[in-house]
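Please walk through this model one region at a time. The text below takes up a helix, a loop residue, a pocket and some backbone features.

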Amino acid sequence: MTRGRDGGAGAPPTKHRALLAAIVTLIVAISAAIYAGASADDGSRDHALQAGGRLPRGDAAPASTGAWVGAWATAPAAAEPGTETTGLAGRSVRNVVHTSVGGTGARITLSNLYGQSPLTVTHASIALAAGPDTAAAIADTMRRLTFGGSARVIIPAGGQVMSDTARLAIPYGANVLVTTYSPIPSGPVTYHPQARQTSYLADGDRTADVTAVAYTTPTPYWRYLTALDVLSHEADGTVVALGDSITDGARSQSDANHRWTDVLAARLHEAAGDGRDTPRYSVVNEGISGNRLLTSRPGRPADNPSGLSRFQRDVLERTNVKAVVVVLGVNDVLNSPELADRDAILTGLRTLVDRAHARGLRVVGATITPFGGYGGYTEARETMRQEVNEEIRSGRVFDTVVDFDKALRDPYDPRRMRSDYDSGDHLHPGDKGYARMGAVIDLAALKGAAPVKA
């Protein structure tokens, strides 16, 4: 791991740095509290109270001890084709998600980012899955979710809402079922298309079903759901992975949780109790396949928004985030003209770092992995990749560096990925490659305060 941006010429005296760090920490804490309140409400409380819903007995949990952290998250990536007029009205959407940390209470975030009309959710539930490949729930874990005390919530077009806390013990590495039902047409559906996880659909309101009988339609997408937070004694902060398809886990085995972020979460979980000076963090994955640092796709809001444009929502607004791992740039290189300016990518990366530092976050940056043999490969793009990586390794971009290029490349042909790490398309790793990526991150490098500038 290469370190940088932690000091250097012109750094302020130690006392001044400590005072500035304390001020920034206070500001971040106040901002987080304001955001948490806004997210939990976001207009939905008024809608819920107007609906006249009642709080189901025993489902909502009062405030307790521990820290709220992200157990799972995904980035809203696009408007789902074919759902423009009716959405998924009349169907239950049972999302299956895998936790990176355990907790004693849970809350979710639902997004209507790409909706062109309000999304009315009349029932939502959360439960532990009865097995690894099923829509069935463990019966005594089924909980009805509420929003401002009501089972009903209306999410405005472009908005999101956070649920109340549900009293539910969720272990590390569990599959959790989050189910929503809307009887009213609303579209298009906000979704994440490359889940690498099978979820399920059922006709009618089947949110409270503990069996899988009605869930006859498997689906490879996550819909509406963008976050699962838990009240945890296992972690005191969250690491966010911001990236493209290589972070999204493209071409990894479905339903196996073999993304590099899953490997990192397992390492953090194993290290938490061994007495070493490693951070007690959960991991959430904000990768979007095809994502670029600088450029979004068309649309309002844009499908596949750029890393720069989504950084506020997908990183800074995640729960109790302490560090971010940035794995972006390969799609900018692959979609650039032959003689594109590498400085635009480096400027974009430095912008992310500056915005993270303003919130007190530590930033780990990754080198761009090899793609020799891939259809978009050219010598000019390879030169551009190497130039960007050279600057990243210099320590002048990120707080610390994880060298994914070095970890994956063929030592006999550094332009290419090592064959046993390659999924076969010469761009994306396979499961063994992702395991290698998750293994080379220095856990201690995730911990520490961000540099404070004078």
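In α10, the residues Gly-433, Tyr-434, Met-437 and Gly-438 are buried. Looking down the axis of α10, these buried residues fall within an arc of 135°, so they line one face of the helix. What does this buried set pack against? The partners of the buried residues of α10 are α3 (245-248), α4 and α9 (404-408). The model is a predicted one, and α10 is part of a secondary structure of 10 helices and 24 strands. Of the 454 residues in the protein, 54% count as buried. Among the contacts with a separation of 6 or more, 82% are between residues 24 or more positions apart.

The loop that runs between β24 (413-417) and α10 (431-440) holds Asp-425. Is Asp-425 buried or exposed? Its relative accessible area is 18%, and the cut-off for a buried residue is under 20%, so Asp-425 counts as buried. The side chain of Asp-425 makes two kinds of pairing worth following in the structure. One is a polar contact of 3.2 Å with the side chain of Ser-423. Another polar contact, of 2.6 Å, joins the side chain of Asp-425 to that of His-428. Leaving aside residues up to four places away in sequence, Asp-425 touches Arg-251 and Tyr-374.

Arg-251 leads to another part of the chain, since it sits in the loop between α3 and α4. The phi angle of Arg-251 is near 70°, a positive value in a residue other than glycine. With a relative accessibility of 45%, Arg-251 counts as partly exposed.

A positive phi also appears at Asn-304, where the angle is near 50° and the residue is again other than glycine. Asn-304 lies in the loop between β19 and α5. Is this residue buried or exposed? The relative accessibility of Asn-304 is 5%, so Asn-304 counts as buried. As background, most residues other than glycine have a negative phi, and most peptide bonds are trans.

The loop between β19 and α5 (307-316) also contains Pro-301. The peptide bond that joins Arg-300 and Pro-301 is cis, with omega about -5°. Another cis peptide bond runs from Gly-187 to Pro-188, and its omega is near -10°. Pro-188 is placed in the loop between β12 (175-182) and β13 (190-192).

The strand β19 takes part in the second largest pocket as well. About 260 Å³ of space lies in this pocket. How many residues line the second largest pocket, and which of them lie nearest its centre? The lining consists of 21 residues, and those nearest the centre are Trp-72, His-98, Arg-259, Thr-261 and Asp-262. Which element gives the most to the lining? That element is β19, with four residues. At least two lining residues come from each of β2 (67-73), α4 (260-271) and β19 (281-287). By residue class, the lining of the second largest pocket divides into eight nonpolar, 10 polar and three charged residues.

The helix α4 thus links two parts of this account: the buried residues of α10 pack against α4, and α4 supplies at least two residues of the pocket lining.

Terms used. Residues are numbered from 1 along each chain as its sequence is written. This is a predicted model: local features need pLDDT of at least 70, side-chain atom pairs count only at pLDDT 80 or more; totals for chains, interfaces and linings use all residues. Side-chain values use heavy atoms; hydrogens and water are left out. Buried means under 20% relative accessible area, exposed over 50%, partly exposed in between (1.4 Å probe, protein chains only). A polar contact is a pair of N or O atoms within 3.5 Å; within protein, one must be able to donate a hydrogen and the other to accept it, and residues adjacent in sequence count only if both atoms are side-chain atoms. Contact means heavy atoms within 4.5 Å. On a 1 Å grid over the protein atoms alone, a cavity is a set of points where a 1.4 Å probe fits but cannot get out, and a pocket is an open set with protein on both sides within 12 Å along at least five of seven lines; lining residues have an atom within 4 Å of a point. Grid points are joined across faces, edges and corners, and a volume is the space filled by probe spheres set on the points. Ala, Val, Leu, Ile, Met, Phe, Trp, Tyr, Cys and Pro count as nonpolar, Asp, Glu, Lys and Arg as charged, and the others, Gly among them, as polar. The arc is that of the directions from the helix axis to the C-beta atoms.
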